[in-house]
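Student: Could you take me through the salt bridges of this predicted model, with a close look at how each pair is placed and how exposed its partners are?

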Amino acid sequence: MGCTFQPGGQQQNNSQINNTTDEGTEDLSDIEGIWMGNLTVPGGLQLRIIFNIFTNPDGSINASMDSPDQGVSGIPVDTVSYKEGNLSLEVKSIEGSFEGVYKESSETIEGEWKQAGSAFPLILNRIEKVPEVQRPQDPVKPYPYTEEEVIYENKEAEIKLAGTLTLPQSEGPFPAVILITGSGQQNRDEEIFGHRPFLVLSDNLTRQGIAVLRVDDRGIGGSTGNFSQATTEDFAGDVLAGVEFLKNRTEINPDQIGLIGHSEGGLIAPIVAVKSPDIAFIVLMAAPGLTGEEILYMQSDLIARAEGVSNETIAQNRALMNRMFSVVKEEENNTIAEEKLREILRAELANLSEEEKANLGYSEAAIDSQVKELSSPWMRFFLIYDPRPTLMRVKCPVLAISGEKDLQVPPKENLLAIDEALRAGGNKDYSVKELPGLNHLFQTAKTGSPSEYARIEETISPVALETIGNWISEHTQ
């Protein structure tokens, strides 16, 4: 998805930012104030980057960084250097830095943002105030229901999972759902670009009389464990631990515990439903019905076309992905696999000009990062896992929905595969729906490209919320 500045998009407290180091400044008045630029990362995603640079009464510098489209503010800028019109800013917590040149004629600072070995052009313009990010669907306290912070164990994995349980205020016991996040390390709200889809979804369902448990992934927020070494099957074990937790709550009807999985969560929910007789129903949101390899090919092609990439480049990228995926699938030795992947990527880079390399954000550090991701246990599992045999064994009621404009898990091919698998398995109660005009996050979208996610104010379409809520209500009355 691009550069994530702080896991989970959790905000920092600006009042704590008082340790910026002055590495030499001349006329600070040139650069004092609020500066904003648009960062374009691979895939066409645009993120607004803001630097706040001010002088304290004692003459020291107070500097911080915001990423409003990711809902992040107050990231400390550790060092500031301004000499002969050259500005350098270092942000150690996210391994990022900016170097630019102040242009007095245009009052801009033109330079590069560097992070994780990649470099991206960034032009900063002075602004009067930080723009507000509008997320009108975020619920506002006090809520008309009970909210409780909870912690429970996955004893088999020896980790603790932290989450939020919301309970209707009417008399229970209540039907309940566990929300299962998509791929990547997500917090309990599935926070992305300032949006909190699971907060909005849980609020909507709890107001309808359904208890909701949403949980931090391993190693983020209040949960322990090593996320980088876990696979989709491991995450299914975490969900099973959540089911056991709910069964022991007197407020919950143990015969009406369901699962809602988004994206990869839609792979996990059927695995859990097959393993546990306690699952009463599952809702699959933008769930894969094909192997990860098939989905990644389609995803890459569709997003590239939406961003105007040429057919020739798309074909070259497909061939590159094919070579890399072949290594991941066939070479079991990680050391050998990583070296083969580096050779493939270096050979590919050798054919590019320096300008093309810069535009793609490629460097040795970026290659190392990509190689580690490709050879991870998660990716090895995801590429080859076929959800259809598992779906054929799901006997509880199923609702599968996708957005018509989803470019990450294309709806036509994946909904068809889910439909065919459920029918072949003899499931007697399932519904498959494609929702018009919605993207992978179930926002009302123009193109469906991930580059739109941050700019759309809507977090989840009311149509999607109503579809899910009504279906669950019908199956829990």
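Tutor: D203 and R207 are joined by a salt bridge in which the closest N and O atoms lie 2.9 Å apart. In this predicted model, D203 is buried, its relative accessible area being 9%, whereas R207 counts as partly exposed at 48% relative accessibility.

A separation of 2.9 Å, N to O, is also given for the salt bridge between the side chains of E348 and R323. Here E348 belongs to helix α6 (residues 334-350) and R323 to helix α5 (residues 311-330), so this pair ties together parts that are 25 residues apart in sequence. E348 is partly exposed, with 23% relative accessibility, and R323 is likewise partly exposed, with a relative accessible area of 38%.

Turning to the strands, the side chains of R214 and E147 meet in a salt bridge with an N to O distance of 3.9 Å, which still satisfies the criterion because a side-chain nitrogen of Lys or Arg need only be within 4 Å of a carboxyl oxygen of Asp or Glu. The salt bridge between R214 and E147 connects strand β14 (residues 211-215), where R214 lies, with strand β11 (residues 145-154), where E147 lies, and so it ties together parts that are 67 residues apart in sequence. R214 is buried, with a relative accessible area of 4%, while E147 is partly exposed at 31%. Both residues also take part in a network of salt bridges that links K141, E147, D189 and R214.

Counted by the same 4 Å rule, the model holds 23 salt bridges, among them the pairs described here.

Key: Residues are numbered from 1 along each chain as its sequence is written. This is a predicted model: local features need pLDDT of at least 70, side-chain atom pairs count only at pLDDT 80 or more; totals for chains, interfaces and linings use all residues. Side-chain values use heavy atoms; hydrogens and water are left out. Helices (H or I, at least four residues) and strands (E, at least two) are DSSP runs, numbered from the N terminus. Buried means under 20% relative accessible area, exposed over 50%, partly exposed in between (1.4 Å probe, protein chains only).
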